[in-house]
Amino acid sequence: MAADYFLLIIRWMHAVAAVAWVGGALFYWLALRPALRSEAASGGVAQRAGREFGQVVLLAMWVLVVTGGILAVQRLSEASGGVAYASVLAVKVALAAWMFSLALSRVSRRREADTPRRGRLGVAMNALGHVNTTAALGLAVIFLSVVLRFLVEEGA
Ligand code: HEM
C-alpha cells in the first residue's frame, strides 16, 4: 500500500517534469520565437529566458531519469511488462537520450560563449537553440508514454 503511494508520487513527479520541459519548449516555439521576430522585442529577453529555462530543463532532466528509471523497473518486473512494452520503452528511452544530449550540448555551448551569434534571432538561437527539435521529440516521447500505458491496460 505504501509502495503504491510512493509510485503515485513518482508518477506525478515524472509527469510534472515532462510538462515543464515540453510545455516550455512549445511555449518558445509557438509564442516566444514569433514574438521575438517583432520589432519591439529585444535579444536580451531571449538570452535571459534561455538562461532561466536552462535551469528548469536541467532539473526536469534529472527528475525524468530518476523517476523514469523507477517506473521502468516497476513495470518491467510486473507480468504486464512484455516484449512489446520493453520494445516501445527502448525507443522511448533512445528518444529521451537524444533530448538529454541536445539539452546538455546547449548548456556546454553556452559555457564556452566566446563566439556569440549576432542579431536578435541569433541571440535567441544561442539562448534557446535546439528547442524546436526538443519540442518535437518531447511530443513523440509523450505519445510513446501513452502507448506504454495502453499496452499495460491491454495486457500486451
Ligand atoms: C530515462 C528516461 C525515461 C524513462 C526510463 C521513462 C520511463 C517511463 C515509464 C516506465 C513510464 C510509465 C509508462 C506506463 O504507464 O507504463 C513513463 C511515463 C511517462 N513518461 Fe517517461 N521516461 C523517461 C523520460 C521521459 C521524458 C523525457 C518525457 C517527456 C518528454 C517523459 C514523459 C512521460 C509521460 C508524460 C508519462 C505518462 C505519465 C503517466 O500518465 O503516468 N518520460 N515514463
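**Aromatic pairs**

I started with the rings and got a count of one aromatic pair. The partners are W21 and F100, and they are stacked, with 5.8 Å centre to centre and 15° between the planes. This is a predicted model, so I read these numbers as computed from predicted coordinates. I then checked where the two rings sit along the chain: W21 is in helix 1 (residues 2–36) and F100 in helix 3 (residues 83–112), 79 residues apart, which makes this a link between distant parts of the chain. I also looked up exposure, and both W21 and F100 come out buried.

**Ligand site**

Next I went to the ligand. Which pocket does the ligand take up? Its space is the largest pocket. I found 20 residues around the ligand, and R11, H14, R75, Y85 and K92 come nearest. Then I asked myself which helix gives the largest share of the shell. Helix 3 does, with six residues. Helix 1, helix 2 (43–76), helix 3 and helix 5 each put in at least two shell residues.

For the polar side of things, I noted three distances:

- K92 has a polar side-chain atom 2.5 Å from a ligand nitrogen.
- S145 also places a polar side-chain atom by a ligand nitrogen, at 3.2 Å.
- R149 has a side-chain N or O atom 3.0 Å from an oxygen of the ligand.

**T67**

I picked T67 next, which sits in helix 2. Is T67 buried or exposed? Its relative accessible area is 2%, and the cut-off for buried is under 20%, so T67 counts as buried. I then looked for what its side chain touches. One polar contact, at 2.8 Å, goes to the side chain of H14. H14 is also one of the residues that come nearest to the ligand. The T67 side chain also reaches back to the backbone oxygen of V63, at 2.5 Å.

**Helix 5**

Last stop was helix 5, residues 131–154. I checked its span: 24 residues cover 34 Å from first C-alpha to last, close to the 34 Å expected at 1.5 Å a residue. Which residues of helix 5 are buried? My list reads V131, T134, A135, L137, G138, V141, L144, L148, L151 and V152. I kept the usual helix rule in mind while reading that list: an α-helix has 3.6 residues a turn, so residues three or four places apart point the same way. Just past the end of helix 5 I noted G155, which has a positive phi of about 70°.

Notes
Residues numbered from 1 in each chain as written. Predicted model: local features only at pLDDT ≥ 70, side-chain atom pairs only at ≥ 80, totals over all residues. Heavy atoms only, no water. Helix = DSSP H or I, 4+ residues; strand = E, 2+ residues; numbered from the N terminus. Expected span 1.5 Å × (residues − 1). Buried < 20%, exposed > 50% of the residue type's maximum accessible area, 1.4 Å probe, protein only. Phe/Tyr/Trp six-rings, centres within 6.5 Å; stacked < 30°, edge-to-face > 60°. Near = heavy atom within 4 Å. Polar contact = N/O pair within 3.5 Å; in protein donor to acceptor, adjacent residues only side chain to side chain. 1 Å grid on protein atoms, 1.4 Å probe; cavity = no way out; pocket = protein on both sides within 12 Å on 5 of 7 lines; lining within 4 Å. Sits in = over half its atoms within 2 Å of the grid points.
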